[in-house]
Structures are given as C-alpha cells and as structure tokens.
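Subject: Structure for your reading

Dear colleague,

Please find below the structure that I am handing over to you. A description of what was found in it follows, and I suggest reading it with the structure open.

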Amino acid sequence: MLEDLEQFVAALKSAEAKAAALIIYSQQEAGFSAGADLRELYVGSAGLTAAQRVSGVRKFLERIHGVLNAIDGSPLTTIAAVHGVTFGGGLELALACDLIIADKMARFCFPELRLGLIPGFGGIPRLRRDVGNAVVRDLLLTGRSINATKAMSVGLVSQVAAEGEVLRVARATAAQAGKFDRTTSAVAKRFLKPIPHEELRKEIDLFCELLARPEVMEGLRKFVENTGAHPYLP
Amino acid sequence: MKTLEQTTDEILGLAAQHFKVPREELAPSDDFYKKLKIDSLRALELITRLEHHFGIELPDYEVQGVTDFRTLASRIQARL
C-alpha cells in the first residue's frame with residue numbers, strides 16, 4: 001500500500017503540468033478508508049524489542065509523511081471526495097487535501113487514543129491547521145466519530161453531497177478550480193495552507209515514544225485478536 | 001416530546017429501510033447486530049442515519065455495548 005502511494009506521488013509530479021485538480025476517492029463500499037492496518041502493525045511488531053519496533057515504525061512514518069507532504073504541497077487543487085468511514089489514516093489523507101467534500105453518510109474519527117496511541121500520519125498538525133483546538137480536543141480525547149453535517153459545521157468539511165453524489169460534486173468543484181490561472185492558484189495555496197513541518201516531525205517523535213510502551217502492544221493485541229462484531233476499543 | 005415507544009418504532013423503520021429487511025421482522029428487544037447481520041462499522045451507518053433523522057449527535061461511547069433497539073432508543077431519547 002505504501003509503495004503504491006509512493007508510486008502515485010511520483011506519477012503526480014509528472015501529471016501536475018497537465019492537470020489543474022486532483023480528486024482522491026475510494027471505490028470501497030464501506031467508505032473512504034478505515035485507516036492504517038493495525039493487524040499489520042501488530043503482527044509486524046510481534047517478537048521485536050521496543051527499540052526495533054520503534055525504529056521500523058519511524059522509517060515507515062517518515063515515508064508516509066513524505067507521501068502526504070507531497071499531496072499537501074502539490075500545486076494542484078486537491079479534493080478528498082469521501083463517503084462512509086473516514087477514520088484514522090483515512091482522515092489524515094483527506095486532511096492533506098485542500099478541500100474535503102463528504103457524502104451525507106460519511107463519518108470521521110481519530111480512534112488512536114483508544115489504543116494508547118496518537119495519529120501518526122500528520123493527523124493532529126493538519127487537523128489543528130483547519131479547525132479550532134476545542135474540536136481537535138473533542139475528537140482526539142474522546143475518540144468519538146462525527147457525521148458529515150457536524151464536520152461541516154466545525155469547518156472540517158467544505159461541502160456535503162447527497163448520498164452517492166460526492167464524486168459528481170467533487171468533479172464540479174474541480175472543474176471550477178480548473179478555470180483559474182494555475183500559477184495564481186498554486187501561490188494562493190502556498191500562502192493559505194503552509195505545511196506544518198515542525199509539528200509533523202514532533203508528531204512522529206511522540207508516536208514513537210508511545211509505541212515503545214508495552215501497554216500499546218497489549219491494546220493492539222486485544223484489538224487484533226478480537227474477532228467479534230464489537231471491536232476491542234475502550 | 002416523543003415517547004420511547006415512538007422513538008423505538010422510528011428506529012425500527014429506519015433500520016429496516018437502510019438494511020433492506022422487512023419491518024415486521026424487527027422487534028424492540030432484538031440484537032440489531034445479529035438481526036441485521038452487521039458488524040460495528042455497518043452499525044455506524046445506522047447511527048449516522050439516526051443522527052440525521054432525529055437531528056442529534058450520538059457519541060460512540062454512549063452507544064458502546066448497546067445491542068438492542070429499545071436501549072438504543074433510550075440513548076436517543078436522552079438527546080432529544
């Protein structure tokens with residue numbers, strides 16, 4: 001998956017001269033993305049020392065940050081067209097885009113604290129860039145999910161589309177953005193949406209610090225080993 | 001103010017419509033995970049549908065552990 005994203009970003013560079021906008025959309029029925037594969041994280045970490053675990057995850061995080069920073073800083077107008085579950089890493093990908101357009105049934109969440117972690121793909125710095133700190137605290141410290149209407153009311157989402165209409169609305173928005181002078185749009189974007197590099201690096205450090213704790217691996221174990229309808233989430 | 005019975009009835013109707021099951025097959029005491037054959041992610045679809053219908057927010061932690069329609073209705077009643 002990470003390799004696919006890196007290839008996508010490499011291809012994006014060559015497409016930037018020809019395109020005006022980028023829409024990121026998922027054809028998965030359940031939603032835009034439920035985020036990182038915690039099973040992979042747990043299985044990949046099992047048997048490693050805390051130091052080995054942290055070292056491997058840090059390298060992974062630096063690569064995914066490279067991908068998201070490239071999308072964030074693209075001169076194109078970028079639109080996340082989201083539906084259904086937009087959680088964790090999925091929400092972090094959406095937050096790297098300039099606009100989030102949501103299907104009415106979309107749902108947003110940062111559940112990481114429920115497992116003893118914080119978002120690791122730039123979620124907190126980018127959420128802080130877009131919405132008020134009270135909203136950031138509400139989402140992070142309760143781990144609750146919110147619907148598209150609420151997300152629009154707090155400024156996370158720019159438009160809400162009727163069910164099944166999000167891609168059409170995103171395309172209409174991209175067409176509008178495409179009418180503008182590209183250089184002007186890119187200059188405006190750099191001014192309006194600076195990438196919070198320092199906070200992003202700090203987030204990687206904090207994530208790794210937390211991941212070294214045995215409590216986190218225990219939480220991941222309970223989550224991964226639970227195969228019932230109700231996941232282990234405090 | 002709606003009664004608990006009215007709210008429960010509306011939830012049953014919305015759940016039947018959303019998950020395409022006959023309304024008459026659903027009862028207030030049913031475990032909706034089992035009856036609708038859904039997992040926790042699909043249950044969020046129901047929560048989202050209910051939030052829109054009743055014009056409320058239903059935080060996940062308030063419905064955590066809730067499995068039957070009647071208890072779900074009581075959580076919603078507390079937010080109306």
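I begin with a single pair of residues: Arg107(A) has Asn147(A), in strand 6 of chain A, as its bridge partner. Please keep in mind throughout that this is a predicted model.

**The three-stranded sheet**

The pair just named belongs to the contact between strand 5 (residues 107-109) and strand 6 of chain A, which are joined by two bridges in the antiparallel sense. These strands form part of an open sheet of three strands in chain A, with the order 3-5-6 and mixed pairing. At its edges are strand 3 (85-87) and strand 6 (146-147) of chain A, each of which pairs on one side only. Helix 4 (residues 89-96) of chain A packs on this sheet and touches strand 3 and strand 5 of chain A. The direction of helix 4 makes about 85° with that of strand 3 of chain A.

**Chain A as a whole**

Chain A contains 11 helices and seven strands. Its radius of gyration is 18 Å, close to the 17 Å that the globule rule gives for 234 residues, so chain A is as compact as a globular protein of that length. Along the principal axes, the C-alpha atoms of chain A fill a box of roughly 55 × 35 × 30 Å. Of the 234 residues in chain A, 37% are buried. If one takes the contacts in chain A between residues at least 6 apart in sequence, 78% of them join residues at least 24 apart.

**The four-stranded sheet**

Chain A also has an open sheet of four strands, in the order 1-2-4-7, with parallel pairing. Strand 1 (21-25) and strand 7 (159-161) of chain A are at the edges and have a single partner strand each, so one side of each is left without a neighbour in the sheet. From one strand to the next, the twist averages 25°.

Strand 2 of chain A pairs with strand 1 of chain A in the parallel sense over five bridges. Within this pairing, Ile24(A) has Ala80(A) of strand 2 as its bridge partner. Strand 2 (residues 77-82) of chain A is also joined to strand 4 (residues 99-103) of chain A, by four bridges, and the two run parallel. Here Ile79(A) stands opposite Leu99(A) in strand 4 of chain A, and Val82(A) stands opposite Ala102(A) in strand 4 of chain A.

Helix 8 (residues 166-177) of chain A lies across strand 1, strand 2, strand 4 and strand 7 of chain A. The helix runs at about 170° to strand 2 of chain A.

**Strand 2 and the nonpolar core**

Are the residues of strand 2 of chain A buried or exposed? Six of the six residues are buried, so this strand is largely enclosed by the rest of the structure. Thr77(A), Ile79(A) and Ala81(A) point one way from the strand, while Thr78(A), Ala80(A) and Val82(A) point the other way.

The largest nonpolar core has 69 residues, and those that touch the most other members are Ile79(A), Ala80(A), Val82(A), Ala94(A), Ile100(A), Ile101(A) and Ala102(A). Helix 3 (residues 50-72) of chain A gives the most to this core, with six residues. Val82(A) may serve as an example of the packing: leaving aside its neighbours within four places in sequence, its contacts are Phe32(A), Ala94(A), Ile100(A), Ala102(A), Asp103(A), Ala106(A) and Val166(A).

**Chain B and the interface**

Where do the two chains meet? In total, 12 residues of chain A are in contact with 13 residues of chain B. The side of chain A that touches chain B has five nonpolar, four polar and three charged residues.

Two lysines of chain B also deserve a look. Most residues other than glycine have a negative phi. Lys20(B), however, has a positive phi of about 55° although it is not a glycine. Lys20(B) is found in the loop between helix 1 (4-19) and helix 2 (32-35) of chain B, and it is exposed, with 7 other C-beta atoms within 10 Å. Phi of Lys37(B) is likewise positive, near 55°. Lys37(B) lies in the loop between helix 2 and helix 3 (40-54) of chain B, and this residue is exposed, with 11 other C-beta atoms within 10 Å.

With kind regards

Notes
Residues are numbered from 1 along each chain as its sequence is written. Chains are lettered from A and ligands numbered from 1 in the order in which they are written. This is a predicted model: local features need pLDDT of at least 70, side-chain atom pairs count only at pLDDT 80 or more; totals for chains, interfaces and linings use all residues. Two residues are in contact if their C-beta atoms, placed from the backbone, lie within 7 Å. Ala, Val, Leu, Ile, Met, Phe, Trp, Tyr, Cys and Pro count as nonpolar, Asp, Glu, Lys and Arg as charged, and the others, Gly among them, as polar. The radius of gyration is taken over C-alpha atoms; the globule rule is 2.2 Å times the number of residues to the power 0.38. A residue is buried if 20 or more other C-beta atoms lie within 10 Å of its own, exposed if 12 or fewer, and partly exposed in between; C-beta atoms are placed from the backbone. Two strands pair if DSSP finds at least two bridges between them. Axes are lines fitted to C-alpha atoms, for helices over the stretch in contact, and angles run from 0 to 180 degrees between N-to-C directions. A nonpolar core is a set of buried Ala, Val, Leu, Ile, Met, Phe, Trp, Tyr and Cys residues joined through C-beta atoms within 7 Å.
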